[in-house]
Amino acid sequence: MADHKDQHQQQQPHVSKREEEEVITTFSPTIFSPKSFPRRRRIKYCGIVIALVLLQIVVLGVLCLTVFRFKDLDIKLAAISVGNFSTALGTSTAINMTLRAEIKVKNQNWGKLKYDESLLVLSHEDIPVGQGTIPKGSIKMRHSKQVTVSVEANLDGRSSSSSNISSGVLNLKSYAKLSGKVSMVGLVKKRRSGEMNCSLTISLARQAIQDFHCQ
């Protein structure tokens, strides 16, 4: 019996530890082995990725300068009304009123616009008589936004012309400028602006806007 056992042990092949490691390495997945992904191939793939990224940047830059080129803001006076109208007679006529202006701002760009706070200024014969704040805001690409601005106008004897008063009308001018930053696809940004310059005619008898037009 002992001879049979010794004979059986002699028949089993002797496998060294190094041979066992080689067998395990042979049957293990090679996808994670550095040799399975040669250095030359890695450089090739990295070059392709970098080339694609650069191509996208170039294409976006060309589109922004041509089809998607930056445009100025389009600002218009959509409507305006007069309220709280009052006059004070004396050695000179003083006029106080509140004007409510509806300003339409159009973003003509293919990117979001963020504009800064600005002012709407009223003047009579080149003399400022009132101003109102245009709050900062944002407009989506290719969209318009209407902003309401209230202006307290005060005309004393120095700023109100007697010829205008006697004719029953009051001529005013309104001016506003908006500036902001346009962002296209989050990569290219540029500042754009727009101006509004309008003339107003107010009927003193009706205490209302008689006519207005913008350049």
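Let's start with Leu 52, which counts as partly exposed because its relative accessibility is 49%, and exposed would need over 50%. Keep in mind that we are looking at a predicted model. Leu 52 sits in helix α3, which covers residues 39-65. Which residues make a nonpolar surface patch with Leu 52? They are Tyr 45, Ile 48, Leu 55 and Val 59, and the patch they make with Leu 52 has an area of about 460 Å². While we are on partly exposed residues, Cys 46 belongs in that class too, at 48% relative accessibility.

Now let's turn to the strands. Follow the order β1-β2-β7 and you have an open sheet of 3 strands, with antiparallel pairing. Why do β1 and β7 each have one side without a neighbour in the sheet? Both stand at the edges, β1 being residues 74-88 and β7 residues 144-155, and each has a single partner strand, so one side is left free of neighbours in the sheet. From one strand to the next, the twist averages 15°.

Let's zoom in on one pairing. Strand β2 runs over residues 94-106, and it pairs with β1 in the antiparallel sense over 12 bridges. If you would like one pair to find on the screen, take Gly 83, whose bridge partner in β2 is Thr 98.

Next, a little backbone puzzle. Most residues other than glycine have a negative phi. Asn 84 is not a glycine, yet its phi is positive, about 50°. You will find Asn 84 in strand β1. Is Asn 84 buried or exposed? Asn 84 is exposed, because its relative accessible area is 65% and the cut-off for exposed is over 50%.

Glu 125 is another non-glycine residue with a positive phi, here about 55°. Glu 125 lies in the loop between β4, residues 118-124, and β5, residues 127-134. Glu 125 has a relative accessible area of 51%, so it counts as exposed.

Last stop: the cysteines. How many disulfides does the structure hold? There is 1, formed by Cys 198 and Cys 214, with their sulfur atoms 1.9 Å apart. The link between Cys 198 and Cys 214 is right-handed, with 95° about the S-S bond. This pair joins distant parts of the chain: Cys 198 is in strand β9, residues 188-203, and Cys 214 is in strand β10, residues 208-214, with their positions 16 residues apart. As for their surroundings, Cys 198 is buried, at 0% relative accessibility, whereas Cys 214 is partly exposed, at 34%.

Conventions
Residues numbered from 1 in each chain as written. Predicted model: local features only at pLDDT ≥ 70, side-chain atom pairs only at ≥ 80, totals over all residues. Heavy atoms only, no water. Patch = residues over 30% accessible without salt bridge, like charges linked within 9 Å, V, L, I, M, F, W, Y side chains within 5 Å. Areas by Shrake-Rupley, 256 points an atom, 1.4 Å probe, with all protein chains shown as cover. Salt bridge = Lys/Arg side-chain N within 4 Å of Asp/Glu carboxyl O. Helix = DSSP H or I, 4+ residues; strand = E, 2+ residues; numbered from the N terminus. Buried < 20%, exposed > 50% of the residue type's maximum accessible area, 1.4 Å probe, protein only. Pairing = 2+ DSSP bridges. Axes fitted to C-alpha atoms, helices over the stretch in contact; angles between N-to-C directions. Disulfide = S-S within 2.5 Å.
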